Amino acid sequence: MVGEDGEDLKNHGELLPLSKLQEIGVLYWHLDPKKPESEEELAKIRKDRGYNYMDYLDIRPGKLANFEEKLKNFFTEHMHADEEIRYCLEGGGYFDVRDKDDKWVRIWIKEGGMIVLPAGIYHRFTLDAANHVKLMRLFLGEPVWTAHNRPQEDHPVRQEYVKRLMDDNAGLALAAH
Ligand SMILES: CSCCC(=O)C(=O)O
Ligand SMILES: [Fe+2]
């Protein structure tokens, strides 16, 4: 994971602790698609969090229809009204999320990486040098993949997310005194 702005942050930058992700409500696990223990862990996460829906997305040139256009959309800063849950089975890619100071934080997802982005967080996605990724998509209930491009400051889900960030911040400030 690295910070800084712009597209030139591929493969370099400062490493950040996982607590940086916790702060903004991002969850991360490292599983191993080749190990049976990981199947169990995945089943537990799905059960605990109610992720009853599942499908696969193979993003690679020639395999995914309208590859270029889809990648362009994935890399346009947006949010969703629901969590975005992805488990990487092959290849890799970068999820960029906005931190509390509205700076990009880059999360490199490779085989075994599983991530939950909270509803309302601004983010974008691009492939890494492997130029392909196979992802499992999970969802609670009937899936809705609608991307709401930034700005979305009037969206109730965005407002709820921002409020939670501010409340958490206030809580931390109190704890520091
Ligand atoms: C292809 S998974 C990551 C892209 C994304 O943010 C999305 O699908 O909404
Ligand atoms: Fe998204």
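## Overall fold

Contacts that reach far along the sequence come up often here: of the contacts in the chain with a separation of 6 or more, 76% join residues 24 or more positions apart. Keep in mind as you browse that this is a predicted model.

The chain holds four helices and nine strands. Walking along the sequence, you will meet them in the pattern α-β-α-β-α-β-β-β-β-β-β-β-α. The radius of gyration is 16 Å, close to the 16 Å that the globule rule gives for 177 residues, so the chain is as compact as a globular protein of that length. If you are setting up a box, the C-alpha atoms fill one of roughly 50 × 35 × 35 Å along the principal axes. As for burial, 21% of the 177 residues count as buried.

## How far to trust the model

The average pLDDT of the chain is 92, and 93% of the residues score at least 70. Residues 1-11 have a pLDDT below 50, yet this stretch still has 23 contacts in the model beyond near neighbours in sequence. A word of caution fits here: where pLDDT is low, the predicted coordinates should not be read in detail.

For the complex, the predictor reports an ipTM of 0.98 together with a pTM of 0.91.

## The annotated binding site

Which residues does UniProt list for "binding site"? The entry, which is unreviewed, names His78, His80, Glu84 and His123. These residues are spread over 46 residues of sequence, but they cluster in space, with a largest C-alpha distance of 11.4 Å.

## Glu84 and His123 up close

Two of the listed residues, Glu84 and His123, deserve a visit of their own. Glu84 sits in strand β4, which covers residues 84-98. His123 belongs to strand β7, made up of residues 123-127.

Is Glu84 buried or exposed? Glu84 counts as buried because it has 23 C-beta neighbours inside 10 Å, where 20 or more are needed. His123 is buried too, since 23 other C-beta atoms lie within 10 Å of it.

What is His123 in contact with, once its neighbours within four places in sequence are left aside? The partners are Phe95, Asp96, Val97 and Leu117. Among them, Phe95, Asp96 and Val97 fall within the residue range of strand β4, 84-98, the strand that also holds Glu84. If you are stepping through the model, these contacts of His123 link strand β7 to strand β4.

Notes: Residues are numbered from 1 along each chain as its sequence is written. Chains are lettered from A and ligands numbered from 1 in the order in which they are written. This is a predicted model: local features need pLDDT of at least 70, side-chain atom pairs count only at pLDDT 80 or more; totals for chains, interfaces and linings use all residues. pLDDT is the predictor's confidence in each residue, from 0 to 100. Two residues are in contact if their C-beta atoms, placed from the backbone, lie within 7 Å. UniProt positions are given in the numbering used here, feature names are shortened, and annotations may be inferred rather than shown by experiment. Helices (H or I, at least four residues) and strands (E, at least two) are DSSP runs, numbered from the N terminus. A residue is buried if 20 or more other C-beta atoms lie within 10 Å of its own, exposed if 12 or fewer, and partly exposed in between; C-beta atoms are placed from the backbone. The radius of gyration is taken over C-alpha atoms; the globule rule is 2.2 Å times the number of residues to the power 0.38.
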